[in-house]
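Good morning, colleagues. Please turn to the sequence and the structure on the screen.

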Amino acid sequence: MAADGDIRVACAAIVRDGALLCVRKVGTGLFMLPGGKPEPGEDGLAALQREVMEELGCALHPGSARPLGRYTAPAAHEAGRTVHADIWLADLSGVPQAQAEIAEIRWIDLHDPKAGPLLAPLLRTQVMPALRQL
């Protein structure tokens, strides 16, 4: 159960040719998945669709989003807070480009042992291992 002050997000795991699309937000050093916090009254999938459009300038391919799972880890950039993430496997319609608060996008090989230090805790410890099992 999430405590007050914890962070709830919906994120997209977009995999192509064995690589995962990751984003680095302005002012941060770690890569994470595209996505973000739902607005009041917005469900996770609606939040994901909105955030992907805002951050990457393209849409999720209609009907492609399917739940990967719910994961919890220490927040990457907010000390003492925990992030609770609903992760959706999805495909994009269009070419992703860094927009809004995104400083950089990068396709990271799912099996690259050197990628670990570049990744936020949730991505490094839970999502990447789950994706490797697919």
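I shall speak about a sheet and its helices, then about selected residues, and finally about salt bridges. Please bear in mind that this is a predicted model.

I begin with the sheet. Four strands form an open sheet in the order β4-β1-β7-β6, and the pairing is mixed. The edge positions belong to β4, residues 35-36, and β6, residues 66-74; each has a single partner strand, so one side of each lacks a neighbour in the sheet. Strand β1, residues 7-13, pairs with strand β7, residues 82-89, in the parallel sense, and 7 bridges join them. Within that pairing, Ile-7 is found opposite Val-83 of β7.

Which helices pack on this sheet? One is helix α1, residues 44-56, which touches β1, β4 and β7. The direction of α1 makes an angle of about 65° with that of β1. Another is helix α2, residues 121-132, which touches β1, β6 and β7. Here the direction of the helix makes about 150° with that of β6. Strands β1 and β7 are thus touched by α1 and also by α2.

Let me turn to a residue of β7, namely His-84. Is His-84 buried or exposed? The relative accessible area of His-84 is 19%, and the cut-off for buried is under 20%, so the residue counts as buried. The His-84 side chain has a polar contact with the side chain of Asp-6, at 2.9 Å.

Leu-134 offers another case. Leu-134 lies in the segment after α2, and its relative accessibility of 67% places it in the exposed class. Which residues does Leu-134 contact, once neighbours within four places in sequence are set aside? They are Leu-68 and Leu-89. Leu-68 falls in the range of β6, residues 66-74, and Leu-89 in that of β7, residues 82-89. By contrast, the C-alpha atoms of Leu-134 and Gln-49 are separated by 23 Å, with their positions 85 residues apart along the chain.

I come now to the charged side chains. How many salt bridges does the structure hold? The total is 9. I shall describe some of them.

One joins the side chains of Glu-104 and Arg-24, with an N to O distance of 3.1 Å. Glu-104 belongs to strand β9, residues 102-109, and Arg-24 to strand β3, residues 19-25, so this pair ties together parts 80 residues apart in sequence. Glu-104 itself is partly exposed, at 22% relative accessibility.

Another salt bridge is formed by Asp-86 and Arg-70, whose closest N and O atoms are 2.6 Å apart. This pair connects distant parts of the chain, since Asp-86 is in strand β7 and Arg-70 is in strand β6, 16 residues apart. Asp-86 is partly exposed, with a relative accessible area of 24%, whereas Arg-70 is exposed, at 70%.

A further salt bridge brings together the side chains of Glu-51 and Arg-50, at 3.1 Å from N to O. Glu-51 is buried, with 8% relative accessibility. Which residues share a network of salt bridges with Glu-51 and Arg-50? They are Glu-39, Glu-42 and Glu-54.

To close, I return to strand β7: this strand pairs with β1 in the parallel sense, contains His-84, and holds Asp-86, the partner of Arg-70 in strand β6.

Terms used:
Residues numbered from 1 in each chain as written. Heavy atoms only, no water. Pairing = 2+ DSSP bridges. Helix = DSSP H or I, 4+ residues; strand = E, 2+ residues; numbered from the N terminus. Contact = heavy atoms within 4.5 Å. Axes fitted to C-alpha atoms, helices over the stretch in contact; angles between N-to-C directions. Buried < 20%, exposed > 50% of the residue type's maximum accessible area, 1.4 Å probe, protein only. Polar contact = N/O pair within 3.5 Å; in protein donor to acceptor, adjacent residues only side chain to side chain. Salt bridge = Lys/Arg side-chain N within 4 Å of Asp/Glu carboxyl O.
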